[in-house]
Amino acid sequence: MNVDLKSKFTGALIGSAVGDALGAPVEGYNMERVSSVYSDGKGWEMIYGRYTDDTETMIGVAESLIENKGFNGSDMALKFIRNYDARRGYGPGSKEALRRISEGESWEEASKKLFGGKGSYGNGAAMRIAPVGILYYDNADVLREIAYKSSHITHSHELGKEGAALQAFSIALAVRGQKEGMLLGLKEFVKNEVYKEKIRKIEMLLDKEANKKEIISELGNGEVAFNSVPTAIYSFLRFDNFKDCVVYAVSLGGDTDTIGAMAGAISGAYYGEGAIPEEWVEKLEEGEKGKSYIRWLGEELYRVKFG
Ligand code: R7I
Ligand code: MG
Ligand code: MG
């Protein structure tokens with residue numbers, strides 16, 4: 001498959017926003033309730049096109065990487081704080097970390113205080129990671145380093161950071177066009193046993209064409225990183241086009257906006273922006289930081305990378 005690299009960069013970001021917006025109206029619903037909403041005569045038509053915290057924070061990651069031509073922790077934290085709109089529905093950990101930083105704590109320290117001093121392993125760092133996955137797609141070591149550091153602003157737990165790194169590396173492999181070899185690549189990349197086990201499960205579940213209930217019980221559909229990042233990767237690997245992948249990710253219920261966003265980021269990076277259903281992109285919100293801006297961020301990341 002020959003998809004041009006720039007459309008993979010923009011595809012990862014627009015794909016993530018589209019997945020977020022498709023899943024947003026049904027976040028927290030179970031599988032049956034999701035299907036009752038989306039089968040209501042209209043199929044999988046996007047309902048509002050409004051994105052959530054997943055995309056708002058992804059925008060902050062991209063803005064900061066572009067402006068600094070690389071990672072700058074205090075600046076990225078500032079971007080999150082400036083863009084913050086409570087109506088987008090932030091997780092309590094992320095909200096608390098950003099509040100602490102805005103009151104003067106350093107980005108290195110603030111997130112460590114969360115969850116009894118263990119730090120968060122929510123999926124909030126993984127859901128926003130697409131810009132890191134594309135900018136560092138050709139260097140696994142740098143990608144890991146920047147994925148960990150950008151996560152740390154809100155998520156200091158090892159499992160939160162590793163989930164973000166795994167999601168970023170999946171996007172990187174997708175940019176490289178590696179779908180067949182993805183699981184092997186991920187196995188070699190991932191350091192934590194919790195995720196190694198999940199990757200073995202993905203392989204097993206792909207082999208047997210498991211049903212949705214099995215996917216939910218084995219891989220998860222919740223808002224902690226290890227119960228959602230593997231589910232997004234599975235959704236990408238199971239299908240051969242953007243639409244089926246993202247519809248499936250959202251159809252599982254649970255943390256639908258986030259699993260949709262992560263599956264959409266990997267798919268968009270693999271198939272390119274042209275493979276994202278036009279009617280979904282059309283419905284995706286516009287405005288100051290809407291779809292045109294998100295596409296421009298993808299183009300700017302491409303420019304930072306290739307000049
Ligand atoms: O990760 P985070 O930003 O939340 C992202 C989610 C996505 O679904 C978004 O769409 C938005 O709706 O929120 O926010 P956190 O609060 O850090 O983590 C999310 C949840 O994971 C927490 O509220 C906890 O339920 C759980 N969690 C933990 N539970 C126990 N111990 C995260 N870390 C821990 C932990 O250390
Ligand atoms: Mg959200
Ligand atoms: Mg969510």
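A residue counts as buried under 20% relative accessible area, as exposed over 50%, and as partly exposed in between. In this predicted model, that scale separates two residues that bind a metal. Glu27 has 38% relative accessibility, so Glu27 is partly exposed. Asp255 has 4% and is therefore buried.

Both residues belong to the site of the magnesium ion (ligand 3), whose protein donors are Glu27 (OE), Asp255 (OD), Asp257 (OD) and Thr258 (OG1). These donors lie 2.0 to 2.2 Å from the ion. Ideal angles for six octahedral donors are 90 or 180 degrees. Around the magnesium ion (ligand 3), the six donor atoms subtend angles of 79 to 177°, and the arrangement is therefore octahedral.

Along the sequence, the donor residues follow the spacing E-x227-D-x1-D-T. Glu27 sits in the loop between helix 1 (5-23) and helix 2 (31-38), while Asp255 sits in the loop between helix 15 (242-251) and helix 16 (256-271), so this pair ties together parts that are 228 residues apart in sequence. Asp257 also serves a second metal: Asp257 bridges the magnesium ion (ligand 3) and the magnesium ion (ligand 2), and the two ions are 3.6 Å apart.

The next topic is a pair of packed helices. Helix 10 (residues 158-175) packs against helix 11 (residues 182-189) at an angle of about 140°, and their axes are 10 Å apart. Angles over 145 degrees would count as roughly antiparallel; helix 10 and helix 11 are therefore oblique to each other. The crossing of helix 10 past helix 11 is right-handed. On the helix 10 side, the contact is made by Ala165, Leu166, Phe169, Ser170, Leu173 and Ala174. Their partners in helix 11 are Met182, Gly185, Leu186 and Phe189.

Note on methods: Residues numbered from 1 in each chain as written. Chains lettered and ligands numbered in written order. Predicted model: local features only at pLDDT ≥ 70, side-chain atom pairs only at ≥ 80, totals over all residues. Heavy atoms only, no water. Donors = N, O, S within 2.8 Å, 3.2 Å for Na, K, Ca; no water. Tetrahedral: all angles 85-135°; square planar, octahedral: opposite > 155°, others 65-115°. Helix = DSSP H or I, 4+ residues; strand = E, 2+ residues; numbered from the N terminus. Buried < 20%, exposed > 50% of the residue type's maximum accessible area, 1.4 Å probe, protein only. Axes fitted to C-alpha atoms, helices over the stretch in contact; angles between N-to-C directions. Parallel < 35°, antiparallel > 145°, perpendicular 65-115°, else oblique. Left-handed = near helix turned anticlockwise from the far one by under 90°. Contact = heavy atoms within 4.5 Å.
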